[in-house]
Amino acid sequence: MTNPFAYGRVVDAAQYCTRPKLQKALKSMMDAGQNAVLFGERRIGKTSLILHVAKRLRKSRVVYFDFLACHSAADLTERIARGVLETPNRTFFNLALKVFSALKVTATLDPNSGVPSVSMSLQPSSGPEAVNNLETALDRLYTLHQEKPLIAVFDEFQQVLAIPEGAQILARMRSRIQMHASLPYVFSGSIREDMQKIFSDHTSPFYKSALPLEIEAIERPRFDSYLSKRFRESGRMIDPAVFDKIYEMGIEVTGDIQQICWALWICSASGETIGTEKIDQALEQLFAMESRNYEDTVAMLAPSQLKVLKTLAAPPFNGAYSADFKQRSGVLNNQTIKKAIQRLEDLRIIFRVKGIPRISNPYFGLWIKKKL
Ligand SMILES: Nc1ncnc2c1ncn2[C@@H]1O[C@H](COP(=O)(O)OP(=O)(O)O)[C@@H](O)[C@H]1O
Ligand SMILES: [Mg+2]
């Protein structure tokens with residue numbers, strides 16, 4: 001039997017736990033042609049929610065663009081063209097190819113499988129012409145929408161800020177998108193500070209350009225019973241105390257909870273009732289899979305950064321500049337602590353919740369606490 005728990009990727013219909021309030025809110029925004037922006041940390045379920053709702057709209061087709069690892073205007077343009085063309089629908093593909101021909105894309109459909117293969121390499125990658133190309137791509141998207149109603153999803157949108165000419169790109173994108181009144185755009189991103197810079201800062205061109213939707217973890221009773229059912233259907237029972245323990249350990253994000261359920265499932269046999277004593281074994285299972293990555297990450301850090309990280313991994317403490325934190329970390333200088341936190345944040349190892357640093361991946365935190 002295959003493991004019924006999946007983590008780290010978008011969940012498909014069979015694995016999706018319904019989120020009625022959020023689905024309703026997002027659907028009504030999409031139906032109204034209203035732009036939306038989703039805020040919520042990594043693995044909380046933003047992409048899964050967006051795609052779940054968008055795929056169920058009868059009148060529009062969702063075109064999905066993930067901007068992760070885009071480093072230039074040309075990368076963004078390419079993502080948009082690919083996102084449109086890599087659709088398995090033949091009629092739509094032909095239409096999209098015609099509409100996007102201005103961008104010199106080469107795209108073919110495999111005659112047997114019908115799978116599209118798109119090749120393009122836009123030059124130049126930056127500068128005025130590259131930004132013009134991006135505008136063209138956005139306008140072509142709108143042309144396509146006029147032929148066939150679309151919903152455009154821009155995921156991990158904060159990545160635009162990481163592009164050297166990001167500010168200019170945002171301004172130009174906004175001016176195009178503003179013209180596309182009937183086309184709903186959904187923006188999403190996991191790095192809250194950056195997403196807020198784009199959508200909540202009054203000097204940003206995207207200020208108040210989309211209705212905000214906060215995505216929290218799936219509420220407990222619903223998620224507990226969803227997970228219990230998945231255990232039950234795959235021949236295992238789970239003691240509800242296991243969930244209490246998981247949350248107590250600070251594992252509270254949707255995808256992180258799925259991950260430990262995945263490990264608990266691996267460590268148990270059909271017919272078994274899983275109790276709290278299984279948790280350590282499940283964690284060891286996760287560490288065995290992830291420790292290479294963890295070790296590589298730790299190896300990138302300077303000694304003072306590692307000391308700060310180790311202390312952050314062992315809460316509670318009274319703020320990162322408190323006497324208590326300094327004593328435990330052995331890093332006494334405020335400036336050194338500040339720099340270490342900044343570097344850990346740049347590496348996405350930690351993020352801040354209302355100014356307080358927190359380790360992004362709880363398993364990495366537990367591993368540090370246990371092994372270092
Ligand atoms: N509605 C859901 N039902 C069940 N699991 C979910 C749901 N949404 C998210 N997850 C879990 O969280 C993981 C990450 O989901 P994803 O949508 O990629 O999050 P995000 O886009 O916020 O990073 C999924 O692999 C899955 O384990
Ligand atoms: Mg996502």
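Student: Which domains does the domain assignment give for this protein?

Tutor: Keep in mind that we're looking at a predicted model. The assignment splits the protein into domain 1 (18-214), domain 2 (218-290) and domain 3 (300-372).

Student: Let's take a pair of them. How far apart are the C-alpha centres of domain 2 and domain 3, and how many residues of each are in contact?

Tutor: For a pair of domains, look at the centres, then at the residues that touch. Here the C-alpha centres of domain 2 and domain 3 lie 27 Å apart. Seven residues on the domain 2 side are in contact with four on the domain 3 side. Helix H11 supplies the largest share of that domain 2 side, with four residues. By class, the side of domain 2 that touches domain 3 has four nonpolar residues, one polar and two charged.

Student: H11 also meets H10, I see. At what angle do the axes of H10 and H11 cross?

Tutor: With a helix pair, read the angle between the axes, then check it against the bands. The axes of H10 and H11 (residues 279-299) come within 8 Å and cross at roughly 105 degrees. Angles of 65 to 115 degrees count as roughly perpendicular, so that's how H10 and H11 sit relative to each other.

Student: Which residues make the contact between H10 and H11?

Tutor: From H10 you have Gln259, Ile260, Ala263, Leu264 and Ile266, and they meet Ala282, Gln285 and Leu286 of H11. Sorted by class, that contact of H10 with H11 holds six nonpolar and two polar residues, with no charged ones.

Student: Now the ligand. How many residues surround ligand 1, and which are the closest?

Tutor: For a ligand, list the shell, then ask where its residues come from. Ligand 1 has 22 residues around it, the closest being Gly45, Thr47, Ser48, Gly255 and Gln258. Two elements give two or more residues to this shell: helix H2 (46-55) and helix H10 (254-266). Domain 1 and domain 2 each provide at least three residues of the shell around ligand 1.

Student: How do the residues of that shell around ligand 1 divide by class?

Tutor: The split is seven nonpolar, 10 polar and five charged.

Student: One last residue: where is tyrosine 226 found?

Tutor: Tyrosine 226 is in helix H8 (residues 220-233). To judge its exposure, count the C-beta atoms around it: tyrosine 226 has 14 others within 10 Å, so it ranks as partly exposed. Sequence distance and spatial distance are also worth setting side by side. Tyrosine 226 and threonine 18 are 208 residues apart in sequence, yet their C-alpha atoms are 9.1 Å apart in space.

Conventions:
Residues are numbered from 1 along each chain as its sequence is written. Chains are lettered from A and ligands numbered from 1 in the order in which they are written. This is a predicted model: local features need pLDDT of at least 70, side-chain atom pairs count only at pLDDT 80 or more; totals for chains, interfaces and linings use all residues. A residue is near a molecule or strand if its C-beta atom, placed from the backbone, lies within 6 Å of it. Ala, Val, Leu, Ile, Met, Phe, Trp, Tyr, Cys and Pro count as nonpolar, Asp, Glu, Lys and Arg as charged, and the others, Gly among them, as polar. Domain bounds come from an automatic or database domain assignment. Axes are lines fitted to C-alpha atoms, for helices over the stretch in contact, and angles run from 0 to 180 degrees between N-to-C directions. Angles under 35 degrees count as roughly parallel, over 145 as roughly antiparallel, 65 to 115 as roughly perpendicular and the rest as oblique. Two residues are in contact if their C-beta atoms, placed from the backbone, lie within 7 Å. A residue is buried if 20 or more other C-beta atoms lie within 10 Å of its own, exposed if 12 or fewer, and partly exposed in between; C-beta atoms are placed from the backbone.
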